[in-house]
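Open your viewer, have the sequence panel ready, and let's walk through this model one selection at a time. Each stop tells you what to pick and what you will find there.

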Amino acid sequence: MIKPTKAAIAAAQNQTIRDVIAPELDVLFCGINTGLYSAATGHHFARPGNRFWPTLHRAGFTPVLFTPYQELELISLGYGITNIVDRATASAAELTIEELKQGSQNLRRKLEVFRPKVLAVLGISAYRTAFELPKATLGRQPETMGETIVWVLPNPSGLNAHFPPVKLAEVFREFREGLAFMGF
């Protein structure tokens, strides 16, 4: 993996990267928005210290530990990646409430087109704000989006101190087991 320069990372502000998506995936993992490091590389969850890829592997979603450069291989496993907000920022805290709400509408349209079985939103606070559900909790949500089941998982960012790696993998593993129970 080629490490982007500081200048490339700074220049990634407001850039977008393409979704890893295909019709009728089993799970569409949905981040809050792309970070500058990921935008500079053009790959999701690329920043060193982000725990998305190790967590997917530890939870049994991938047969080996993928790197961000292998993200397209997720599609053959029935998984994809998108974000609530497309534009890259240094921190999700830079996003406005209006951006998150607009992102939720854009995401709903994406779900209508691609029809994943499950949307796995990675971050409870962003989910609550974007979808105006202030009492939402982690786990399967009572509301669907069209035919898509919604499940909220912890944010895999290394900044999420509430979920150390072992606990994060445990929650993702429980999610995977819930999917198997549902027949996915």
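Start by selecting residues 18-176: over this stretch the chain is 34% helix and 18% strand, and its end C-alpha atoms lie 25 Å apart. Keep in mind as you look around that this is a predicted model. The range is chosen because an unreviewed UniProt entry annotates residues 18-176 as "domain: Uracil-DNA glycosylase-like", and such annotations may be inferred rather than shown by experiment.

**Stop 1: the aromatic rings**

Now show the aromatic side chains. A pair of aromatic rings is described by the distance of the centres and the angle of the planes. How many aromatic pairs are there? The count comes to 11.

Pick F45 and F52 for a close look. Their ring centres are 4.0 Å apart with the planes at 20°, and since planes under 30 degrees apart count as stacked, this pair is stacked. Keep F52 selected and add W53: here the centres are 5.0 Å apart and the planes meet at 80°, which makes the pair edge-to-face.

Are these residues buried or exposed? F52 and W53 are both buried, and F52 has a relative accessible area of 0%. F45, at 13% relative accessibility, is below the 20% limit and therefore counts as buried too.

Next, widen the selection to F29, F45, F52, W53, F61, F66, Y79, W151 and F175; ring pairs link these residues into a cluster.

Before leaving F45, look at its backbone. Most residues other than glycine have a negative phi. F45, however, has a positive phi, near 50°. You will find F45 in the loop between α2 and α3 (52-58).

**Stop 2: a second positive phi**

Jump to E132, in the loop between α6 and β4 (139-145). E132 is not a glycine, yet its phi is positive, at about 55°. With a relative accessible area of 54%, E132 is over the 50% limit and so counts as exposed.

**Stop 3: the largest pocket**

Switch on a surface. Rolling a probe the size of a water molecule over the atoms shows where empty space is left. The largest pocket holds about 870 Å³ of space. Which of its 38 lining residues come closest to the centre? Select N50, A92, N155, S157 and L159 to see them. Then colour α2 (36-41), β2 (79-83) and α6 (124-130), the elements that each give two or more residues to this lining.

Colouring the lining by residue type gives 19 nonpolar residues, 18 polar ones and one charged.

**Stop 4: helix α5**

Select Q102, which belongs to helix α5 (residues 97-114). Its relative accessibility is 42%, so Q102 counts as partly exposed. Add I84 and draw a distance between the two C-alpha atoms: 8.6 Å separates Q102 from I84, although they are 18 residues apart along the chain.

**Stop 5: helix α7 and a charge over a ring**

Move on to V171 in helix α7 (residues 165-181). V171 has 18% relative accessibility and therefore counts as buried. Its C-alpha is 8.2 Å from that of A59, a residue 112 positions away from V171 in sequence.

Finish by selecting K167 and F163. Where does the charged end of K167 sit? The charged end of K167 is over the ring of F163, 4.9 Å from the ring centre.

Key
Residues numbered from 1 in each chain as written. Predicted model: local features only at pLDDT ≥ 70, side-chain atom pairs only at ≥ 80, totals over all residues. Heavy atoms only, no water. Helix = DSSP H or I, 4+ residues; strand = E, 2+ residues; numbered from the N terminus. Phe/Tyr/Trp six-rings, centres within 6.5 Å; stacked < 30°, edge-to-face > 60°. Buried < 20%, exposed > 50% of the residue type's maximum accessible area, 1.4 Å probe, protein only. Lys NZ or Arg CZ within 6 Å of the ring centre and 35° of its normal. 1 Å grid on protein atoms, 1.4 Å probe; cavity = no way out; pocket = protein on both sides within 12 Å on 5 of 7 lines; lining within 4 Å. Points joined across faces, edges and corners; volume = space filled by probe spheres on them. Nonpolar A, V, L, I, M, F, W, Y, C, P; charged D, E, K, R; others polar.
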